[in-house]
Amino acid sequence: MRILILTGAGVSAESGIATFRGKDGYWRNLDPAKLATPEAFARDPKLVWDWYRGRRQRIRNAQPNAAHAAIAKLAQHANEFLLVTQNVDDLHARSGPPKEKMVQIHGDIFVTKCSRCESERRDDPPSHDYGAAGEKEPEGDIPRCPKCDALMRPGVVWFGEQLPWNEVTRVENYLNREPCEIVIVAGTTATFGYIIDWALQASRGGELIEVNPEETPLSCFATQMVREPAAIALPRIVDELIAGRSSKL
Ligand code: OAD
């Protein structure tokens, strides 16, 4: 059986990471044009880095929640599985789905990449071994590329930028092969057309389960709407799927 999971910021909300458009979301008080565009970075790279360094630190101090764990459990049980997350945090990765079953379509906040050439590095140990003391985000200067000396920037997708081609191809290859029996969309406002398109393409004929306390543009297409927080709903849904109570696995 084939499964597609699409997640957004709401899945990390119960780990204490702010959403963007939800209650207390970043974009309720901050202007994305000043923090999350190439123009903002060109204008004031320090302001942008300060914001991303603060977010990195909050993510380092956070722990995956029951929603991340449930998704990782489902990945182990399904024959074919892909998680596509819009989240740039590493909470899914820390809960365990193998890398090849996961796509971070908006990038990875712990990657630092050159604003001019292809050079990039990951600023956290790949083991995710944060240690008792926790690694601190270095303050201060804006990093420069060791190859071409241009300014380095966070490895995330900003407004007005293309999605990473490799990752889009991975999603499309998965969706083009066959429809999915189960599609779960959790914790996203589904603001971007490609999220809706992928959910609909994957679920043709199958179940489309939305997990979100609020209505979204996808709600009218869902075969099942679960208006609960992800850390409550997903462990139950996953256990039901694994137990075969929905006879879909
Ligand atoms: P949003 O902040 O737009 O949406 C968060 C969604 O999570 C809302 O629909 C909430 O109702 C829901 N939510 C809140 N708490 C929840 C919980 N405990 N359980 C389940 N759902 C909950 O976040 P995204 O849809 O992920 O882009 O935003 C998409 C993109 O817009 C982000 O990746 C980011 C942003 O600009 C980039 O960083 C490029």
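## Reading strands, ligand shell and core

Strand 1, residues 2–7, is mostly covered, with 6 of its 6 residues buried. The model is predicted.

User: How do I read the two faces of a strand? Which residues of strand 1 point one way, and which the other?

Analyst: Start with the general idea. In a regular strand, side chains alternate between the two faces of the sheet. Now the case here. Arg 2, Leu 4 and Leu 6 point one way from strand 1. Ile 3, Ile 5 and Thr 7 point the other way. All of them are buried.

User: Next, the neighbours. Which strand pairs with strand 1 over 6 bridges, and in what sense?

Analyst: For pairing, read the bridges and the direction. Strand 2, residues 80–85, pairs with strand 1 in the parallel sense. Take Arg 2 as a marker: its bridge partner in strand 2 is Glu 80. Strand 7, residues 182–186, also runs parallel to strand 1, joined to it by 5 bridges. There, Val 183 stands opposite Leu 4.

User: Where is an antiparallel pair, and how many bridges does it have?

Analyst: Look at strand 4, residues 107–114, and strand 6. They pair in the antiparallel sense over 4 bridges. Thr 112 has Pro 154 of strand 6 as its bridge partner. Strand 6 covers residues 152–156, and 5 of its 5 residues are buried.

User: Strand 6 holds Arg 153. Is Arg 153 buried or exposed?

Analyst: Buried means under 20% relative accessible area. Arg 153 has 6%, so it counts as buried. Then check what its polar atoms meet. A polar atom of the Arg 153 side chain lies 2.7 Å from the backbone oxygen of Val 156.

User: Compare Lys 73. Where is it found, and how does its accessibility class read?

Analyst: Lys 73 is found in helix 6. Its relative accessibility is 35%, so it counts as partly exposed. Add a view along the chain. Gly 96 is 23 residues from Lys 73 in sequence, and their C-alpha atoms are separated by 8.5 Å.

User: Now the ligand. Which residues come nearest?

Analyst: Read the shell, then the contacts. There are 23 residues around the ligand. Phe 20, Arg 21, His 106, Thr 188 and Thr 189 come nearest. By class, the shell has 10 nonpolar, 10 polar and 3 charged residues.

User: Which backbone atom lies 2.8 Å from a nitrogen atom of the ligand, and which residues face its oxygen atoms through the backbone?

Analyst: Ala 230 offers a backbone N or O atom at 2.8 Å from a ligand nitrogen. For oxygen, a polar backbone atom of Ala 9 is 2.8 Å from a ligand oxygen atom. Gln 86 has a backbone N or O atom 3.2 Å from an oxygen atom of the ligand. On its own, the ligand has 790 Å² of accessible area, and the protein covers 92% of that.

User: Last, the core. How many residues does the largest nonpolar core have, and which have the most contacts inside it?

Analyst: Go from size to hubs to elements. The largest nonpolar core has 25 residues. Those with the most contacts inside it are Ile 5, Leu 74, Phe 81, Ile 184, Val 211, Leu 234 and Ile 237. The elements giving two or more residues are strands 1, 2, 7 and 8 (207–211), with helix 6 (66–77) and helix 10 (230–243).

User: Which element gives the most?

Analyst: Helix 10, with 7 residues. Tie this back to strand 1: Ile 5, one of the residues with the most contacts in the core, points the same way from the strand as Ile 3 and Thr 7.

Technical notes:
Residues are numbered from 1 along each chain as its sequence is written. This is a predicted model: local features need pLDDT of at least 70, side-chain atom pairs count only at pLDDT 80 or more; totals for chains, interfaces and linings use all residues. Side-chain values use heavy atoms; hydrogens and water are left out. Buried means under 20% relative accessible area, exposed over 50%, partly exposed in between (1.4 Å probe, protein chains only). Two strands pair if DSSP finds at least two bridges between them. A residue is near a molecule or strand if one of its heavy atoms lies within 4 Å of it. A polar contact is a pair of N or O atoms within 3.5 Å; within protein, one must be able to donate a hydrogen and the other to accept it, and residues adjacent in sequence count only if both atoms are side-chain atoms. Accessible areas come from the Shrake-Rupley method with a 1.4 Å probe; for residues, only the protein chains shown count as cover. Ala, Val, Leu, Ile, Met, Phe, Trp, Tyr, Cys and Pro count as nonpolar, Asp, Glu, Lys and Arg as charged, and the others, Gly among them, as polar. A nonpolar core is a set of buried Ala, Val, Leu, Ile, Met, Phe, Trp, Tyr and Cys residues joined through side-chain atoms within 4.5 Å.
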